[in-house]
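Here is an informal walk through one model, going from single residues to helix packing and the cores. Keep the structure open as you read.

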Amino acid sequence: MSTDTATTSETQALAESLRTLLDRHDVHPSPASDSAHGRAHRDLWPAVCGQLGIGELAWENDLPHRTDMLARCFEVVGARLAQLPMLSTLGLALPAARVALGEAEPSWLCDLVNGERTGTLTFADDQVKVLPDQADGWRISGDLGLIIDGTADTLLVVVEAGDLGSCLFRVDGTAPGLVRDPVPPFDTSREITRVTTKESPCSMVGEPGIGQEVRKTFATQSTTLLAAEQFGGAQACFDFAVSHAKTRFQFGRSLGSFQSIKHRLSDLYVGLESTRTAVRHACAKVDAEAPDAELWGAISHLVATENYVDIAKQSIQVHGGIGFTWEHPLHLFLKRAKASGQVLGAPPSVHRIGDLLNV
């Protein structure tokens, strides 16, 4: 058996194990969990990271096709709108820590990998200050802004540290001076928190100046994994639409037999497959550490953002009246689709891609 075949088999088995775990705990998109604001399924996190080993997969450096394997897990979570800290911990915090720490494995990192703690990453603006502490540490002050899963146990912050340049700092979730105010989000399946600090103790992660490498990882792996999550959600919306078109009958015929519905679903399928292709190609580029990995990360996120929103909207239209009710989960997907374009900051634009292409 070739390496690629073995890896594909392992990837499918891991994704199926994750689906089984979510099925066992009845994790499905449901308006009933709408008020949990991103925390409805948080109790499953140790099982996702520890028992299934997805946390170790996110940390492992030398595993071939690691990003592609992670992306399949993100697709599963995106299709269920599972309220898990996948993006914040595995898509943001761990990749940043891996770049900064190299072979070092402090205890807080092991807790992130095992799912015993959660983490997130943010990039501070010039108003945030970090200064040396008399006790041979650092203290950070300022408004860190809106952060995905800002109530995480470990906050990683990229901030300018004077002559040291852009550095990565770790703030413990229990640090004094740390204030976290949950914000009612548009996408209620993801937790958003405003975080401010006032002389909160923190520690430098890795070497001074590592912030630029963290930004590069963010622009490649993090955006690609978010695009994979978006693709999973778009696939779920498309499946909803196809199932409804097959089982809903009007005038003695299935809804899917009408030409207008056929054409609409065909267009959605083209958008879905273009998203799949962009995500798969971006994963391959990131795993190969290709020079154009950042370009393909931006392309995958842009394609996924546009198609996810369109597929969610059109799927609601295919459902007719039931699609517009709060009882149907499609409105949750539309919220996630809209919010995912902004969750890592401004979505990639054609102009940004043009800059990466130098055109």
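Let's start with Thr305, which is buried at a relative accessible area of 13%. The model is a predicted one, so treat the values here as computed from that prediction. Thr305 sits in helix α9, which runs over residues 293-319. What does Thr305 touch once its neighbours within four places in sequence are left aside? Its contacts are then Gln230 and Gly341. The Gln230 contact spans 75 residues of sequence, and the two C-alpha atoms are 7.0 Å apart.

Staying with α9, have a look at His319, which is also found in this helix. His319 is buried, with a relative accessible area of 7%. Not counting residues up to four places away in sequence, His319 touches Phe240, Ala241, His244, His328 and Leu330. Ser189 is 130 residues from His319 in sequence, and their C-alpha atoms are 22 Å apart.

Two further residues of α9 are Glu294 and Leu295. Is each of them buried or exposed? Leu295 is buried, at 11% relative accessible area, while Glu294 counts as partly exposed at 24%. That label for Glu294 follows from the cut-offs, because buried means under 20% and exposed means over 50%. The C-alpha atoms of Leu295 and Gln12 are separated by 27 Å, with their positions 283 residues apart along the chain. For Glu294 and Leu334, 40 residues apart along the chain, the C-alpha separation is 27 Å.

Here are the C-alpha pairs side by side:

| Pair | Apart in sequence | C-alpha to C-alpha |
|---|---|---|
| Thr305 and Gln230 | 75 residues | 7.0 Å |
| His319 and Ser189 | 130 residues | 22 Å |
| Leu295 and Gln12 | 283 residues | 27 Å |
| Glu294 and Leu334 | 40 residues | 27 Å |

Now for some backbone angles. Asp26 has a positive phi of about 55 degrees although it is not a glycine. Its place is in the loop between α1 (3-24) and α2 (45-51). Asp26 counts as exposed, at 57% relative accessibility. Asp149 isn't a glycine either, and has a positive phi of about 50 degrees. This one lies in the loop between β3 (138-148) and β4 (154-160). Unlike Asp26, which is exposed, Asp149 is buried, with a relative accessible area of 5%. A positive phi turns up at a glycine too: Gly115, just after α6, takes a value of about 85 degrees.

That brings us to α6 itself. Which residues of this helix, which covers 107-114, are buried? They are Trp108, Leu109, Leu112 and Val113. These four cover an arc of only 140 degrees around the axis, so they end up on the same side of α6. The spacing makes sense, because an α-helix has 3.6 residues a turn and residues three or four places apart point the same way.

What does that side of α6 meet? In α5, the residues Thr89, Leu94, Ala97 and Leu101 meet Trp108, Leu109, Leu112 and Val113 of α6. By class, this α5 contact with α6 has seven nonpolar residues, one polar and no charged ones. As for geometry, α5 (residues 86-101) and α6 pack at an angle of about 145 degrees, with their axes 11 Å apart. The crossing of these two helices is left-handed.

Finally, the cores. In soluble globular proteins, nonpolar side chains tend to be buried together. How many residues are in the largest nonpolar core here? There are 79, and those with the most contacts inside it are Leu84, Met86, Leu90, Leu156 and Leu168. Helix α7 (residues 211-247) supplies the largest share of this core, with 13 residues. Apart from it lies another core, of 18 residues, with Trp138, Val159, Cys167 and Ala175 among them.

To finish, zoom in on Leu84, one of the residues with the most contacts inside the largest core. Leaving out residues up to four places away in sequence, Leu84 touches Leu22, His41, Leu44, Trp45, Val48 and Val77.

Notes. Residues numbered from 1 in each chain as written. Predicted model: local features only at pLDDT ≥ 70, side-chain atom pairs only at ≥ 80, totals over all residues. Heavy atoms only, no water. Buried < 20%, exposed > 50% of the residue type's maximum accessible area, 1.4 Å probe, protein only. Arc of directions from axis to C-beta. Core = buried A, V, L, I, M, F, W, Y, C linked by side-chain atoms within 4.5 Å. Contact = heavy atoms within 4.5 Å. Axes fitted to C-alpha atoms, helices over the stretch in contact; angles between N-to-C directions. Left-handed = near helix turned anticlockwise from the far one by under 90°. Nonpolar A, V, L, I, M, F, W, Y, C, P; charged D, E, K, R; others polar.
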